[in-house]
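Please take a moment with the sequence and the model below before reading on. The paragraphs that follow walk through what can be said about it.

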Amino acid sequence: MMNLRVAWKPMIKQILKFLFLFLFFLIFPSLDLQAYQRIISLKPNITEILFSLGLEDEIIAVTRYCDFPKQAQQKEKVADFIQIDVERIIALKPDLILSSKENSVKKSYRLLKERGLEIHFFDFGNFENTLKSIRDISALLKRKQQADKLIHDLESRLASLQTQNSNSKKRVLFLVGHYPLMAAGSDNYFSEAARWLNIENVTGETQLKYIKLTTEHLVTLKPDIIFDLSMGKEKYAELKRLNYFQSVPAVKNNKIYKLPIELFRGSFRLVEGYERIASYLLQ
Amino acid sequence: MLRTHFSLRKLLGFLFLLCLVYLLSSFLCALWGEQSLSWTNILQDSSSTDHEIFFYSRLPRVLLAGIVGMALSAGGVSFQCLLRNPLADPFILGVSGGAALGSVLAMSLKMPFIIVTMAAFASAILSMFLIYWIASYRGNLPVHTLLLTGVIFNSFTFSMIMLFNSLASFEEAHRIWYMMVGSLANESYTNIALVAVLVVTSLFILFQTTADMNLLSLGEENAQSLGADPKKLRRRIFFASSLMIGACVSLSGLIGFVGLFVPHMMRLLIGSDHRLLLPGSALFGGIFLIFADTASRTLFMSDSYQTQIPVGVLTALLGGPFFVYLLKRKRGQALW
């Protein structure tokens, strides 16, 4: 009897504790607190997307190449284009890591997974998949409304491009590298530009996303316009050699334009990239 | 002076024949390629695609291949004579590697092409000195130490180049990588002309010493007693060949084994009289590299690959087994 009577007090304490926890978990989700507080983005385009969704404060680390928006550069850097700094990432104790399926070294990601960290990979291979990935990211981070609004905005801007450009079909080459010459093939942001702009990608019927070109091949493709997306800082430095090939319309009419490849990372800035292309088409 | 069984007429006749083959193969290889070109278009219509491809894509490449092939083979002959060692080759010894390191260094400092060439030349000479100093043992130059030195020197320079490669920007890294595997594509006529001038000057100097090279290959003492000045001679051959190799590497990158493969083929054909061997190897080396480069740019052009392999890969694939053959040949059998 004595024992039972004494045990009442802690029991009430227990019940109160339980009630408190119960109430807490009942209220917590409806407060809509951000589930993830420490996010690491391992790709520049993901960083851009997170900033667009207004998640600036939740990002704790980014890559060396995350230069947009400007504030992204102030975040800690834990990766370059392909390699990631596993030690630093573990030390930062993130609750979410976001990366892309392309250009990721599997070995180092396996290490992170083994540490029990939550990693999500998204596909930014082409336009459709990019939109899907943006939706997935926003769902994961509970920013669906913002994302829907931004995507709607993007789509309407693209639709207006479609009506703008209805003049004759231009043959376009998208150069993405000089050493060796690399051009956009099919199923990527550049080949998909044809959907909204009245252009034809000269590398046409290939299976590859990006193809190696030889100078000879480039000359015989006879593009009307060449967009140079290579990363070299000097404008056209390596394309000077093309001046010999006056039988190429783009060379003859001096229609070689430099486009910043950053616009085609796979973020909301894609539409800006397409608008740039459209403006050059009108010239 | 050494006597040979060749008469002057036969000698000149043979070289003339090689010259003809050289011109013919440059011509044929320039016509052969991914796009089939029509001869009438090339000559008559200067605004046609065929004309432009022939004169601005194919011809510079074939010319450069010829020049580089000449320089590497003649360099091989002179190194083999200089070190009195049949396995000496600019690539195996590490001289090419040293030159590549110099030019990569100059390239990453964004120097103009002439400085890059000079840096390649300087580092070629420097590496030659270093290799000689490391490998020589009591005044001798044993084969195994020389090869080992080459291996170590090569891996050291390659590591240095890879270091620059990792520090360089994305676009530049590709360029450095191309230098490592050797490529003759996309050069301007001005660069080719500059290298050609340097190579021709060096070849001219070397051709003047061919008779003395014969003496030198008998050994220093013998050469001296036969009236040559070995020290002066060595210095001359040394500088001329390093200049040539440096110039080529700065433009074409590392194309290996040509300096080994070609001279030995030539020795099998015409013997080891340097008066004939050196010009013969030079011409044959040019022909060899022109064909090798043509093969490298056309072999994998079928639909499933659509790519050109670097010519350095092809020469190494041929040269590697050949090197093993040379090494495993019966001892006692004269290599010269």
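**A walk through the model**

Cys248(B) counts as buried, because its relative accessibility is 1%, and buried here means under 20%. In this model, which is a predicted one, Cys248(B) takes part in no disulfide, and the nearest cysteine sulfur, belonging to Cys19(B), lies 18 Å away. A disulfide calls for a pair of cysteine sulfur atoms within 2.5 Å, and over all chains the structure holds 0 disulfides. In chain A, Cys66(A) likewise counts as buried, with a relative accessibility of 1%.

From these single residues we can turn to chain A as a whole, whose secondary structure comes to 9 helices and 11 strands. Its C-alpha atoms fill a box of roughly 105 × 40 × 35 Å when this is taken along the principal axes, and the radius of gyration of chain A is 25 Å, whereas a compact globule of 283 residues would have one near 19 Å.

How is the chain packed within that outline? Of the 283 residues of chain A, 48% count as buried, and among the contacts between residues at least 6 apart in sequence, 60% join residues that are at least 24 apart.

The surface and the charges complete the picture. Chain A exposes about 15400 Å², of which carbon and sulfur atoms supply 56%. Chain A also carries 42 positive and 32 negative charges, and the mean positions of these two groups are 4 Å apart.

Methods. Residues numbered from 1 in each chain as written. Chains lettered and ligands numbered in written order. Predicted model: local features only at pLDDT ≥ 70, side-chain atom pairs only at ≥ 80, totals over all residues. Heavy atoms only, no water. Helix = DSSP H or I, 4+ residues; strand = E, 2+ residues; numbered from the N terminus. Rg over C-alpha atoms; globule rule 2.2 N^0.38 Å. Buried < 20%, exposed > 50% of the residue type's maximum accessible area, 1.4 Å probe, protein only. Contact = heavy atoms within 4.5 Å. Areas by Shrake-Rupley, 256 points an atom, 1.4 Å probe, with all protein chains shown as cover. Lys, Arg positive; Asp, Glu negative; His and termini not counted. Charge placed at Lys NZ, Arg CZ, Asp CG, Glu CD.
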